[in-house]
Amino acid sequence: MTVLVTGAAGFIGYHVSAFLLERGETVVGLDAVTDYYDVGLKEARVGRLERRDRFTMLRLDLADRDAVFAALAGVGGIDRVVHLAAQAGVRHSRDRPFAYVDANLVGHMTVLEYCRHLPGLKHLVYASSSSVYGANAKLPFAVEDRTDTPISLYAATKRANEHMSYCYSHLYGIPQTGLRFFTVYGPWGRPDMALFKFTAAILDGRPIEVFNDGDMKRDFTYVDDVVPGVVAALDSPPDNANGAPHRLYNIGNNRPEPLMRLIAILEDNLGTKAKIDFRPMQPGDVKETYADISASRRDLGFAPATPIDIGVPRFVDWFRGYHGVDTRAGRWRARQDSNLRPRD
Ligand SMILES: NC(=O)c1ccc[n+]([C@@H]2O[C@H](COP(=O)([O-])OP(=O)(O)OC[C@H]3O[C@@H](n4cnc5c(N)ncnc54)[C@H](O)[C@@H]3O)[C@@H](O)[C@H]2O)c1
């Protein structure tokens with residue numbers, strides 16, 4: 001199979017592309033390589049993919065539909081699409097709302113229109129988010145739960161993507177699966193996410209900002225558990241049973257962990273105590289996420305197996321290797337220290 005992976009320079013897109021290449025598939029990566037966070041990290045991911053046979057990279061902005069359609073018209077054989085490109089991040093969506101409209105709404109539309117006109121398309125798998133559960137109080141979050149209370153623009157764009165996709169499945173019979181990811185972490189992870197930011201700050205001796213006075217839980221999901229779930233979804237397009245070949249799944253660990261436990265594991269692995277700057281809850285954040293994965297387990301064989309006690313040390317090992325950290329001296333050399341913080 002030949003798979004178009006959007007967001008291939010990103011965290012999850014990099015891992016999904018590597019997994020597909022390892023399995024013998026042909027992968028066409030597409031990414032605008034935006035500077036939302038360290039472009040050097042994105043280029044390092046792309047560099048590793050480009051060393052493999054059967055990988056080509058297209059540097060394109062999905063919001064520029066004419067350029068995307070023109071470039072993809074010259075690429076034959078694509079029969080599956082994994083659409084992961086997006087402007088991610090909940091807090092950033094208050095500062096740069098139009099980045100979310102362009103990448104997530106216009107970009108998703110570009111992918112849908114491309115797929116609508118792609119002969120031989122077998123399946124489009126796209127990224128949604130646990131944030132669509134918004135202000136829901138019922139836990140764990142199940143795909144049947146109502147999702148009409150988004151509390152960030154990011155969440156609203158992700159829920160809109162699900163509606164747009166359902167509509168295109170209904171109208172044009174495009175087989176689609178939306179995956180609601182829950183706080184994915186691991187090697188090659190995102191510098192704007194808590195685990196990466198905490199690790200960098202603790203090694204630097206800088207305080208870490210912990211919101212809601214640390215009273216938060218997240219269903220931290222290890223990337224090597226996520227990727228087989230994405231590919232299992234890709235391998236089994238939905239049928240047309242409900243009037244549209246479209247379905248949604250949660251991809252989470254099914255095991256919410258207190259944020260303070262994550263920090264304790266990190267401190268143990270770094271051999272240093274964190275200086276904690278407790279802050280109030282941030283607008284747009286939710287207190288707890290917890291995935292009901294009974295449907296993804298049943299239909300996709302999705303089976304997350306990595307608790308944070310195992311996943312966090314693996315992330316720390318990667319972080320040390322990537323940045324050349326000498327933790328015994330309690331010091332580290334970041335290749336691009338100033339880029340570890342997302343632009344805002
Ligand atoms: N990582 C998580 O915990 C998590 C949780 C929920 C949902 N998601 C979703 O999963 C997907 C992948 O997330 P990630 O963590 O790998 O994020 P990421 O930011 O590392 O990757 C997204 C990639 O999309 C690219 N991109 C952004 N705008 C683009 C555009 N207009 N055109 C082309 N490329 C563009 C970026 O350059 C980036 O490389 C996203 O859709 C995200 O919203 C991730």
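**Exercise 1. Find the loop that holds Pro 140, and state which bond joins Leu 139 and Pro 140.**

Solution. Pro 140 sits in the loop between strand 5 (123-129) and helix 6 (153-172). Helices (H or I, at least four residues) and strands (E, at least two) are DSSP runs, numbered from the N terminus. Next, take the bond. Leu 139 and Pro 140 are joined by a cis peptide bond, with omega about -10°.

This is a predicted model: local features need pLDDT of at least 70, side-chain atom pairs count only at pLDDT 80 or more, and totals for chains, interfaces and linings use all residues. Residues are numbered from 1 along each chain as its sequence is written.

**Exercise 2. Locate Val 33 and give the sign of its phi.**

Solution. Look in the loop between strand 2 (26-31) and helix 2 (39-50); Val 33 is there. Its phi is positive, about 45°, although Val 33 is not a glycine.

**Exercise 3. Describe how helix 1 and helix 8 pack.**

Solution. Start with geometry. Helix 1 (residues 11-22) and helix 8 (residues 223-235) meet at an angle of about 65°, and their axes are 10 Å apart. Axes are lines fitted to C-alpha atoms, for helices over the stretch in contact; angles run from 0 to 180 degrees between N-to-C directions. The crossing is right-handed, that is, the near helix is turned clockwise from the far one by less than a right angle.

Now list the contact. Helix 1 supplies Ile 12, His 15, Val 16, Phe 19 and Leu 20. Helix 8 supplies Val 223, Val 226, Val 227, Val 230 and Val 231. Contact requires C-beta atoms, placed from the backbone, within 7 Å. By class, the contact has 9 nonpolar, 1 polar and no charged residues. Ala, Val, Leu, Ile, Met, Phe, Trp, Tyr, Cys and Pro count as nonpolar, Asp, Glu, Lys and Arg as charged, and the others, Gly among them, as polar.

**Exercise 4. Characterise the shell around the ligand.**

Solution. There are 27 residues around the ligand; a residue is near if its C-beta atom, placed from the backbone, lies within 6 Å. Gly 10, Ala 32, Ala 85, Ala 86 and Ala 127 come nearest. Helix 1 gives the most, with 3 residues. The shell has 15 nonpolar, 8 polar and 4 charged residues.

**Exercise 5. Judge the confidence of the model.**

Solution. The mean pLDDT (the predictor's confidence in each residue, from 0 to 100) is 93, and 94% of residues reach 70 or more. Over residues 333-344 the pLDDT is below 50. Where pLDDT is low, the predicted coordinates should not be read in detail.

Definitions and conventions:
Two residues are in contact if their C-beta atoms, placed from the backbone, lie within 7 Å.
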